[in-house]
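User: I am new to this structure and would like a close look at one part of it, the open sheet and the helices packed on it. Please set that part in the context of the chains as well.

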Amino acid sequence: MIRLDGVGQVFDGREGQVTALEEIDLHVQQNEFVTLIGRSGCGKSTLLRLIAGLISPTSGTVRVAGDPVTGPRRDVSFMFQRPALLPWRSVLSNVMLPIEIDGGEGDRGKAAYRDRAHQLLELTGLTGFERRLPHELSGGMQQRVSLCRSLIRDPQVMLMDEPFSALDALTRTELSEELQRIKMELDTTIVFVTHSIEEAVLLADRVVVLTPRPGRLREVVDIDIPRPRTLGQNAHLTEVARISGLLHGLLAEKVAPVEEPAPRQVDEVRPR
Amino acid sequence: MTKRSWLKDSPAAAVLLPIIGLAGAIALWWLATIVFGIESYLLPSPRDVVISFMDQPSYLLTETGTSILETVEGFLLAIVVGVPIALLIVRSVLLERLVYPLLLMVNAIPKVAIAPLLVVWMGFGQWPKVVMVLLVCFFPIVISTAQGMKSTPIELVELLRSLNASRTQEFFKLRLRYAMPQMFTGLKVAISLAVIGSVIAEFVGTTHGLGYVIYQSGASADTPLAFAAITLLSILSIVLFYILVLLEHLLLPWAQESR
Ligand SMILES: Nc1ncnc2c1ncn2[C@@H]1O[C@H](COP(=O)(O)OP(=O)(O)O)[C@@H](O)[C@H]1O
Ligand SMILES: [Mg+2]
């Protein structure tokens with residue numbers, strides 16, 4: 001479904017060039033759930049943005065469904081760390097935003113998408129909140145709205161950039177388990193960035209470990225624990241412990257000192 | 001309800017307290033004119049001011065109307081001119097560098113100094129007044145609009161890009177909407193300046209408007225009339241301001257509550 005061959009990304013930063021990614025070869029199967037894990041600044045977001053077509057690689061090729069990626073695709077959705085809801089829109093109209101941007105065209109009519117939106121809101125426990133404004137919701141609920149929005153076009157591929165990392169631990173677990181449940185009902189390929197080992201093990205069919213500076217593919221770990229998985233007591237504790245330990249080792253191994261990525265300035269993004 | 005929360009939250013307190021404050025100030029003023037026996041041409045009592053207004057209410061209201069028209073026209077023109085300038089500034093660094101110092105310079109000119117020039121250039125009609133209003137109030141509009149446009153959170157911009165939104169969609173569905181609260185802040189500053197601008201412009205080359213009334217009554221030492229005109233100006237300024245506040249409440253309910 002997603003295929004990266006020799007992908008590299010070099011940025012012209014303020015202090016010269018930054019090699020964010022180098023020689024990434026990755027093949028994600030249809031319907032697979034892959035988590036990307038690595039320290040901050042190792043190029044996880046960059047990798048997702050490449051797949052999303054938000055930026056184009058300085059070397060190598062990115063393909064989705066066999067086609068080279070040239071820009072954002074309708075069947076690929078992107079979910080951010082923050083809910084990224086438009087504050088003046090109600091919950092329902094935030095979920096409908098992608099359809100509105102398409103101009104209501106596409107395979108179904110707008111009414112059908114509206115039904116779908118209600119269905120998704122029900123699935124994520126947001127029934128009754130359709131008319132609320134984002135600021136009236138808790139962080140977890142806002143992120144659920146964001147999840148509904150990224151599902152409204154029935155995407156083939158969902159790219160999720162640390163979507164739950166800004167939430168408190170309980171909400172986070174809840175949402176992870178919910179995502180797993182939703183995923184089991186849909187034929188979607190998911191690439192999910194996280195820096196939580198627990199989350200990676202809970203969600204992934206495969207965990208991809210990146211190393212920083214420059215970002216390289218360090219290891220790919222298969223996880224064969226049957227679903228649905230839970231974080232609490234379960235029959236596979238030893239397996240979970242083994243994989244967690246392995247990932248810990250891969251992440252903690254001494255590599256070049258890691259700097260936090262420089263926060264990006266708002267005014268770097270000007271209207272096109 | 002504690003005393004403090006009553007003061008903060010009760011709508012009755014919100015309306016009553018300013019009225020009490022105002023009434024107190026007027027009472028003090030009145031008292032001062034009586035106790036110190038101040039001559040009316042120096043400091044008229046509130047009663048003198050009211051009498052002065054009642055002498056020629058239709059004249060004063062007509063002149064108020066003239067001032068309102070100039071103020072509102074100039075203000076609207078400033079929006080029409082200022083918002084596109086702000087958009088250009090936000091769109092390109094080159095233009096920002098090119099235009100910004102120019103704007104600063106125009107803004108730094110003491111407006112009183114060019115009032116007579118505007119009359120020379122544009123005659124005695126309402127244009128020099130409208131242009132003066134435009135000059136005094138377009139700067140806060142430009143700055144606040146530009147700031148608002150730039151403050152669009154990066155993740156929202158990326159969201160729209162990931163949805164393959166066109167530039168037009170990005171502008172109308174996101175940037176413009178997001179800039180609105182800050183634009184309103186600028187508009188509220190601008191509307192008060194606009195009233196001042198119209199008064200300054202009416203000091204020269206005209207026989208209409210509250211500015212002219214004040215100027216004239218100063219020359220003939222008719223201080224109560226000047227006070228009446230000034231009072232009308234203040235009321236005008238406050239009313240225009242609250243019209244904007246009301247508009248903001250109606251148009252941007254999301255912005256007030258998330259503040
Ligand atoms: N637009 C950009 N311009 C310059 N450097 C960037 C840009 N985006 C990311 N980088 C740099 O690329 C590296 C990887 O960033 P990122 O992909 O955001 O890391 P992660 O998501 O793993 O924390 C960092 O060093 C960051 O500073
Ligand atoms: Mg990141």
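Analyst: Helix α8 of chain A, residues 237-252, lies across three strands of that chain, namely β3, β9 and β10. The direction of α8(A) makes an angle of about 175° with β10(A). The model is a predicted one, and every value below is computed from it or taken from a record where stated.

The sheet comes next. Six strands of chain A make it up, in the order β6-β7-β8-β3-β9-β10. The sheet is open, and its pairing is mixed. At its edges are β6 (76-79) and β10 (216-222) of chain A, each of which pairs on one side only. Averaged over the sheet, neighbouring strands are turned by 15° against each other, direction ignored. In general, the strands of a sheet pair through backbone hydrogen bonds, and the pairing can be parallel or antiparallel.

One pairing can be followed in detail. Strand β3 of chain A, residues 33-37, runs parallel to strand β9 of chain A, residues 206-211, and four bridges join the two. Within this pairing, Val34(A) has Arg206(A) in β9(A) as its bridge partner.

A second helix also packs on the sheet. This is α6 of chain A, residues 169-185, and it touches β3, β7 (157-161) and β8 (189-194) of chain A. Its direction makes about 165° with that of β8(A). Strand β3(A) is thus named in both helix contacts: α6(A) touches it, and α8(A) lies across it.

Elsewhere in chain A, helix α1 covers residues 44-52 and is mostly covered, with eight of its nine residues buried. The buried residues are Lys44(A), Thr46(A), Leu47(A), Leu48(A), Arg49(A), Leu50(A), Ile51(A) and Ala52(A). After α1(A) comes Gly53(A), which has a positive phi near 80°.

These parts belong to a chain with eight helices and 10 strands. Chain A has 272 residues, of which 52% count as buried. Its contacts between residues at least 6 apart in sequence join residues at least 24 apart in 70% of cases. Chain A exposes about 12400 Å², and carbon and sulfur atoms supply 48% of that area.

Chain B is built from helices, 12 of them, with zero strands. Its C-alpha atoms fill a box of roughly 75 × 60 × 30 Å along the principal axes. Of its 259 residues, 42% count as buried. For contacts in chain B with a separation of 6 or more, residues 24 or more positions apart account for 71%. The accessible surface of chain B is about 13800 Å², and 73% of it belongs to carbon and sulfur atoms.

Records add labels to chain B. An unreviewed UniProt entry lists "transmembrane region" for residues 12-38, 75-95, 102-124, 130-149, 183-205 and 225-247 of this chain. Two of these spans can be compared with the model. Residues 102-124 of chain B are 83% helix and 0% strand, with end C-alpha atoms 28 Å apart. Residues 130-149 of chain B are 100% helix and 0% strand, and their end C-alpha atoms lie 27 Å apart. The unreviewed UniProt entry also gives "domain: ABC transmembrane type-1" for residues 64-244 of chain B. That stretch is 87% helix and 0% strand, and 19 Å separates its end C-alpha atoms.

One residue of chain B shows how a helix meets its surroundings. Leu225(B) is in helix α11 of chain B, which spans residues 223-251. Leu225(B) counts as buried because its relative accessibility is 10%, and the cut-off for buried is under 20%. Setting aside residues up to four places away in sequence, Leu225(B) touches Ser52(B), Gln56(B), Leu60(B), Val213(B) and Ser217(B). The C-alpha atom of Leu225(B) is 37 Å from that of Leu250(B), which is 25 residues away along the chain.

Last, the cysteines. Over all chains the structure holds zero disulfides. Cys148(A) counts as buried because its relative accessible area is 0%. Cys137(B) is likewise buried, at 0% relative accessibility.

Note on methods
Residues are numbered from 1 along each chain as its sequence is written. Chains are lettered from A and ligands numbered from 1 in the order in which they are written. This is a predicted model: local features need pLDDT of at least 70, side-chain atom pairs count only at pLDDT 80 or more; totals for chains, interfaces and linings use all residues. Side-chain values use heavy atoms; hydrogens and water are left out. A disulfide is a pair of cysteine sulfur atoms within 2.5 Å. Buried means under 20% relative accessible area, exposed over 50%, partly exposed in between (1.4 Å probe, protein chains only). Two strands pair if DSSP finds at least two bridges between them. Axes are lines fitted to C-alpha atoms, for helices over the stretch in contact, and angles run from 0 to 180 degrees between N-to-C directions. Contact means heavy atoms within 4.5 Å. Accessible areas come from the Shrake-Rupley method with a 1.4 Å probe; for residues, only the protein chains shown count as cover. UniProt positions are given in the numbering used here, feature names are shortened, and annotations may be inferred rather than shown by experiment.
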